[in-house]
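This briefing walks through a single protein chain and its bound ligand, topic by topic. Please keep the sequence and the model in view while reading.

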Amino acid sequence: MNRPSILVFLVLVTFATKAIDSKPPRTQSPGTVEAYVPDLGAMMDSIQLHHAKLWFAGKAGNWELSAYELNEIRENFAVVVQYRDQIIKEKQIAAIVDTIMVEPIAQVEHAVSAKDHASFEKAFDDLTTTCNSCHRAAGYPFISDPASERSARNESAFW
Ligand code: HEC
């Protein structure tokens, strides 16, 4: 490169760098993307998975894992409540979801901390019954299967 070419090159590089610098910061919101709103059915699928893991962990006497899974259920319900106003379908249901779960979850927590198999089984069944009672009340009786309520432990109550 001869001298004038080097100068032109340097000037171009300087301008190019300036142009990049003057671009809006990357963090600026694009403004057109809609906020993500979790789907209630998808949240329930996640809850179902933790519910199943909770049962198997408790059955195996892995109380630490049981406590963890129970907390995951609690957190998922908290997210449902957090987004209740944005959830298009089932707004009212989303709003009460954790209220009716507080007591059954507390019972399972009690049994898990006591590492008590018998009370864990009973508390787990009560928790499942509460899940199903809401499904029936919300107009989704097919999600809960009354005939197999007790076999919720193998998840046949939700399918
Ligand atoms: C306060 C009401 C309420 C409670 C409590 C509740 N659910 Fe649900 N659940 C719903 C509603 C409403 C739907 C239907 C959501 C939809 O399709 O928009 C649903 C759907 C489901 C589905 C079907 C999801 C799918 O798309 O296939 C499963 C599985 C489920 N719930 C599991 C559970 C479990 C497990 C619990 C308890 C640990 C529970 N639910 C507690 C209201 C509730």
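**Ligand shell and helical framework**

In this predicted model, the shell around the ligand draws at least two residues from each of helix H2 (40–59), helix H4 (91–114) and helix H5 (117–137). The protein as a whole has 5 helices and 0 strands, and its elements run α-α-α-α-α from the N terminus on. Of the 159 residues in the protein, 19% are buried.

**The ligand and its surroundings**

- The ligand is surrounded by 24 residues, and the closest of these are Gly41, Met44, Gln48, Cys131 and Cys134.
- H2 provides the largest share of the shell around the ligand, with 7 residues coming from this helix.
- Sorted by class, the residues of the shell comprise 16 that are nonpolar, 5 that are polar and 3 that are charged.

**Helix H5**

- The 21 residues of H5 should span 30 Å at 1.5 Å a residue, and because the C-alpha atoms at its ends are 30 Å apart, the expected and modelled spans agree.
- The buried residues of H5 are Phe120, Ala123, Phe124, Leu127, Thr128, Cys131 and Asn132, and one of them, Cys131, is also listed among the residues closest to the ligand.
- As background to such a list, an α-helix has 3.6 residues a turn, so residues three or four places apart point the same way.
- After H5 comes glycine 139, whose phi is positive, near 90 degrees.

**How H2 and H3 pack**

- The axes of H2 and helix H3 (residues 63–82) come within 8 Å of each other and cross at roughly 165 degrees.
- Angles over 145 degrees count as roughly antiparallel, and H2 and H3 are therefore roughly antiparallel to each other.
- The crossing in which H2 passes H3 is left-handed.

**Proline 104 in H4**

- Proline 104 lies in helix H4, which is one of the helices that supply at least two residues of the shell around the ligand.
- Proline 104 counts as partly exposed because it has 18 C-beta neighbours inside 10 Å, whereas a buried residue would need 20 or more.
- Although proline 104 and threonine 129 are 25 residues apart along the chain, their C-alpha atoms are separated by 9.3 Å.

Notes. Residues are numbered from 1 along each chain as its sequence is written. This is a predicted model: local features need pLDDT of at least 70, side-chain atom pairs count only at pLDDT 80 or more; totals for chains, interfaces and linings use all residues. A residue is near a molecule or strand if its C-beta atom, placed from the backbone, lies within 6 Å of it. Helices (H or I, at least four residues) and strands (E, at least two) are DSSP runs, numbered from the N terminus. Ala, Val, Leu, Ile, Met, Phe, Trp, Tyr, Cys and Pro count as nonpolar, Asp, Glu, Lys and Arg as charged, and the others, Gly among them, as polar. The expected span of a helix is 1.5 Å times one less than its number of residues. A residue is buried if 20 or more other C-beta atoms lie within 10 Å of its own, exposed if 12 or fewer, and partly exposed in between; C-beta atoms are placed from the backbone. Axes are lines fitted to C-alpha atoms, for helices over the stretch in contact, and angles run from 0 to 180 degrees between N-to-C directions. Angles under 35 degrees count as roughly parallel, over 145 as roughly antiparallel, 65 to 115 as roughly perpendicular and the rest as oblique. A crossing is left-handed if the near helix is turned anticlockwise from the far one by less than a right angle, and right-handed if clockwise.
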